[in-house]
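Open the model in your viewer and keep the sequence panel in sight. The tour moves from single residues outward to the whole chain.

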Amino acid sequence: MKPTVERAPTVARDLLSLTRSGEADRLASALVSIATSSRRKPALDDVVGRLVDTFSLAAKDRRRSLRIGEPFTLRLRDHAGMTVRPDRLEPGVAAIVRAIAASVRDDRDTCADQIGQACGNADLDQRIRVLAHCVVWTADLLSTDTTAYPPVLSCLTAPKGNSPQ
(Lines give C-alpha, C1' and ligand atoms only; values in the text may rest on other atoms or scores of the structure.)
Protein backbone atom coordinates (compact mmCIF):
# COMPACT_ATOMS: atom_id res chain seq x y z
CA MET A 1 0.00 0.00 0.00
CA LYS A 2 1.29 3.46 -0.90
CA PRO A 3 2.08 5.78 2.02
CA THR A 4 -0.47 8.27 0.65
CA VAL A 5 -3.21 5.62 0.71
CA GLU A 6 -2.40 4.83 4.35
CA ARG A 7 -2.81 8.51 5.27
CA ALA A 8 -6.10 8.96 3.41
CA PRO A 9 -8.30 7.76 6.33
CA THR A 10 -6.62 10.26 8.67
CA VAL A 11 -7.03 13.10 6.18
CA ALA A 12 -10.69 12.17 5.61
CA ARG A 13 -11.33 12.15 9.38
CA ASP A 14 -9.60 15.52 9.72
CA LEU A 15 -11.80 17.01 6.97
CA LEU A 16 -14.94 15.71 8.67
CA SER A 17 -13.74 17.09 12.01
CA LEU A 18 -13.08 20.53 10.50
CA THR A 19 -16.54 20.45 8.91
CA ARG A 20 -18.26 19.56 12.17
CA SER A 21 -16.37 22.18 14.14
CA GLY A 22 -17.22 24.92 11.63
CA GLU A 23 -13.62 25.89 10.98
CA ALA A 24 -14.31 27.21 7.48
CA ASP A 25 -10.91 28.80 6.82
CA ARG A 26 -8.96 25.71 7.81
CA LEU A 27 -11.37 23.50 5.89
CA ALA A 28 -11.03 25.65 2.75
CA SER A 29 -7.24 25.50 2.98
CA ALA A 30 -7.34 21.73 3.45
CA LEU A 31 -9.68 21.24 0.47
CA VAL A 32 -7.40 23.25 -1.81
CA SER A 33 -4.32 21.46 -0.52
CA ILE A 34 -5.77 17.99 -1.10
CA ALA A 35 -7.24 18.88 -4.51
CA THR A 36 -3.78 20.05 -5.58
CA SER A 37 -1.74 17.00 -6.44
CA SER A 38 1.56 16.24 -4.72
CA ARG A 39 3.52 13.08 -4.02
CA ARG A 40 3.79 13.73 -0.28
CA LYS A 41 0.07 14.18 0.29
CA PRO A 42 -2.66 11.58 -0.03
CA ALA A 43 -4.04 11.61 -3.55
CA LEU A 44 -7.44 13.18 -4.08
CA ASP A 45 -8.95 9.89 -5.22
CA ASP A 46 -7.69 8.10 -2.08
CA VAL A 47 -9.31 10.70 0.21
CA VAL A 48 -12.54 10.76 -1.83
CA GLY A 49 -12.55 6.95 -1.79
CA ARG A 50 -12.28 6.95 1.98
CA LEU A 51 -15.13 9.46 2.29
CA VAL A 52 -17.29 7.39 -0.07
CA ASP A 53 -16.52 4.28 2.01
CA THR A 54 -17.46 6.10 5.22
CA PHE A 55 -20.68 7.36 3.65
CA SER A 56 -21.47 3.88 2.34
CA LEU A 57 -20.99 2.21 5.73
CA ALA A 58 -23.34 4.72 7.37
CA ALA A 59 -25.85 4.28 4.54
CA LYS A 60 -25.71 0.49 4.90
CA ASP A 61 -26.47 0.85 8.60
CA ARG A 62 -29.61 2.77 7.67
CA ARG A 63 -30.52 0.26 4.99
CA ARG A 64 -30.56 -2.54 7.56
CA SER A 65 -33.72 -1.02 9.02
CA LEU A 66 -35.53 -1.36 5.68
CA ARG A 67 -37.67 -4.29 4.70
CA ILE A 68 -35.98 -7.03 2.67
CA GLY A 69 -35.90 -6.10 -0.98
CA GLU A 70 -36.72 -2.42 -0.37
CA PRO A 71 -34.31 -0.26 -2.39
CA PHE A 72 -32.00 2.20 -0.68
CA THR A 73 -32.72 5.74 -1.87
CA LEU A 74 -30.84 9.02 -1.66
CA ARG A 75 -32.44 12.37 -2.39
CA LEU A 76 -30.46 15.20 -3.90
CA ARG A 77 -31.61 18.77 -3.46
CA ASP A 78 -30.33 22.19 -4.48
CA HIS A 79 -29.86 25.25 -2.24
CA ALA A 80 -33.58 26.07 -2.61
CA GLY A 81 -34.61 22.60 -1.45
CA MET A 82 -35.73 21.44 -4.89
CA THR A 83 -34.99 17.88 -5.99
CA VAL A 84 -32.02 17.53 -8.34
CA ARG A 85 -31.49 14.63 -10.72
CA PRO A 86 -27.91 13.28 -10.77
CA ASP A 87 -27.68 13.81 -14.54
CA ARG A 88 -28.20 17.55 -13.97
CA LEU A 89 -25.12 17.82 -11.72
CA GLU A 90 -21.60 18.63 -12.81
CA PRO A 91 -20.00 15.45 -14.21
CA GLY A 92 -17.58 15.02 -11.29
CA VAL A 93 -20.28 15.44 -8.66
CA ALA A 94 -22.61 13.11 -10.58
CA ALA A 95 -19.79 10.54 -10.66
CA ILE A 96 -19.57 10.74 -6.85
CA VAL A 97 -23.31 10.06 -6.57
CA ARG A 98 -22.80 6.99 -8.79
CA ALA A 99 -19.75 5.95 -6.74
CA ILE A 100 -21.78 6.14 -3.53
CA ALA A 101 -24.58 4.08 -5.08
CA ALA A 102 -22.08 1.48 -6.30
CA SER A 103 -20.39 1.35 -2.91
CA VAL A 104 -23.71 0.79 -1.13
CA ARG A 105 -24.32 -2.10 -3.58
CA ASP A 106 -20.79 -3.45 -2.86
CA ASP A 107 -19.82 -2.95 -6.52
CA ARG A 108 -16.16 -2.05 -5.91
CA ASP A 109 -15.16 -1.91 -9.59
CA THR A 110 -17.86 0.57 -10.57
CA CYS A 111 -17.20 2.59 -7.42
CA ALA A 112 -13.48 2.83 -8.23
CA ASP A 113 -14.22 3.77 -11.86
CA GLN A 114 -16.62 6.52 -10.78
CA ILE A 115 -14.16 7.90 -8.22
CA GLY A 116 -11.51 7.93 -10.94
CA GLN A 117 -13.86 9.88 -13.23
CA ALA A 118 -14.73 12.33 -10.46
CA CYS A 119 -11.13 12.98 -9.45
CA GLY A 120 -9.50 12.82 -12.88
CA ASN A 121 -10.45 16.34 -13.91
CA ALA A 122 -7.50 18.70 -14.28
CA ASP A 123 -9.58 21.75 -13.31
CA LEU A 124 -8.78 22.63 -9.68
CA ASP A 125 -12.19 24.25 -9.03
CA GLN A 126 -14.00 21.09 -10.10
CA ARG A 127 -11.70 18.88 -8.04
CA ILE A 128 -12.40 21.06 -4.99
CA ARG A 129 -16.18 20.85 -5.61
CA VAL A 130 -15.98 17.04 -5.83
CA LEU A 131 -14.09 16.87 -2.53
CA ALA A 132 -16.36 19.45 -0.88
CA HIS A 133 -19.48 17.48 -1.83
CA CYS A 134 -17.98 14.29 -0.42
CA VAL A 135 -17.06 15.97 2.85
CA VAL A 136 -20.39 17.77 3.28
CA TRP A 137 -22.49 14.74 2.33
CA THR A 138 -20.57 12.41 4.63
CA ALA A 139 -20.63 14.86 7.54
CA ASP A 140 -24.36 15.46 7.02
CA LEU A 141 -25.16 11.75 6.88
CA LEU A 142 -23.11 11.00 9.99
CA SER A 143 -24.69 13.85 11.94
CA THR A 144 -28.35 13.18 11.10
CA ASP A 145 -30.79 10.88 12.81
CA THR A 146 -29.93 7.35 11.76
CA THR A 147 -33.61 6.53 11.32
CA ALA A 148 -34.19 9.42 8.90
CA TYR A 149 -35.01 7.98 5.52
CA PRO A 150 -34.24 8.63 2.79
CA PRO A 151 -31.06 10.61 3.41
CA VAL A 152 -31.19 14.03 1.72
CA LEU A 153 -27.98 15.39 0.22
CA SER A 154 -27.62 19.09 -0.53
CA CYS A 155 -25.81 19.96 -3.73
CA LEU A 156 -23.50 22.96 -3.71
CA THR A 157 -23.88 25.18 -6.74
CA ALA A 158 -21.03 26.50 -8.81
CA PRO A 159 -20.82 30.22 -9.55
CA LYS A 160 -22.70 31.26 -12.72
CA GLY A 161 -20.58 30.80 -15.82
CA ASN A 162 -18.94 27.65 -14.41
CA SER A 163 -22.02 25.44 -14.51
CA PRO A 164 -22.46 22.97 -17.34
CA GLN A 165 -25.41 23.59 -19.63
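Why is the sulfur of cysteine 119 not in a bond with the closest cysteine sulfur? Select cysteine 119 and cysteine 134. The sulfur of cysteine 119 lies 7.0 Å from the one in cysteine 134, its closest cysteine sulfur, and that is too far for a bond. A disulfide is a pair of cysteine sulfur atoms within 2.5 Å. The structure holds 0 of them.

Before going on, note that this is a predicted model, in which local features need pLDDT of at least 70, side-chain atom pairs count only at pLDDT 80 or more, and totals for chains, interfaces and linings use all residues. Residues are numbered from 1 along each chain as its sequence is written, and side-chain values use heavy atoms, with hydrogens and water left out.

Stay on the two cysteines. Cysteine 119 counts as buried because its relative accessibility is 7%. Cysteine 134, at 3%, counts as buried too. (Buried means under 20% relative accessible area, exposed over 50%, partly exposed in between, with a 1.4 Å probe and protein chains only.)

Next, select valine 48. Leaving aside neighbours within four places in sequence, valine 48 is in contact (heavy atoms within 4.5 Å) with Ile96, Ile115, Cys119, Val130, Leu131 and Cys134.

Now widen the selection to the largest nonpolar core. Such a core is a set of buried Ala, Val, Leu, Ile, Met, Phe, Trp, Tyr and Cys residues joined through side-chain atoms within 4.5 Å. This one has 46 residues. Leu15, Val47, Val48, Leu131 and Trp137 have the most contacts inside it. At least two core residues come from each of H1 (3–21), H2 (24–35), H3 (44–63), H4 (91–104), H5 (108–119) and H6 (124–143). Helices (H or I, at least four residues) and strands (E, at least two) are DSSP runs, numbered from the N terminus.

Show H4 and H6 alone. Their axes, lines fitted to C-alpha atoms over the stretch in contact, come within 9 Å and cross at roughly 40 degrees. That makes H4 oblique to H6; angles under 35 degrees count as roughly parallel, over 145 as roughly antiparallel, 65 to 115 as roughly perpendicular and the rest as oblique. H4 brings Gly92, Val93, Ile96, Val97 and Ile100 to the contact, and H6 brings Arg129, Val130, His133, Cys134 and Trp137.

Finally, show the whole chain. It has 6 helices and 2 strands, in the order α-α-α-β-α-α-α-β. Of its 165 residues, 41% are buried.

Key: Axes fitted to C-alpha atoms, helices over the stretch in contact; angles between N-to-C directions.
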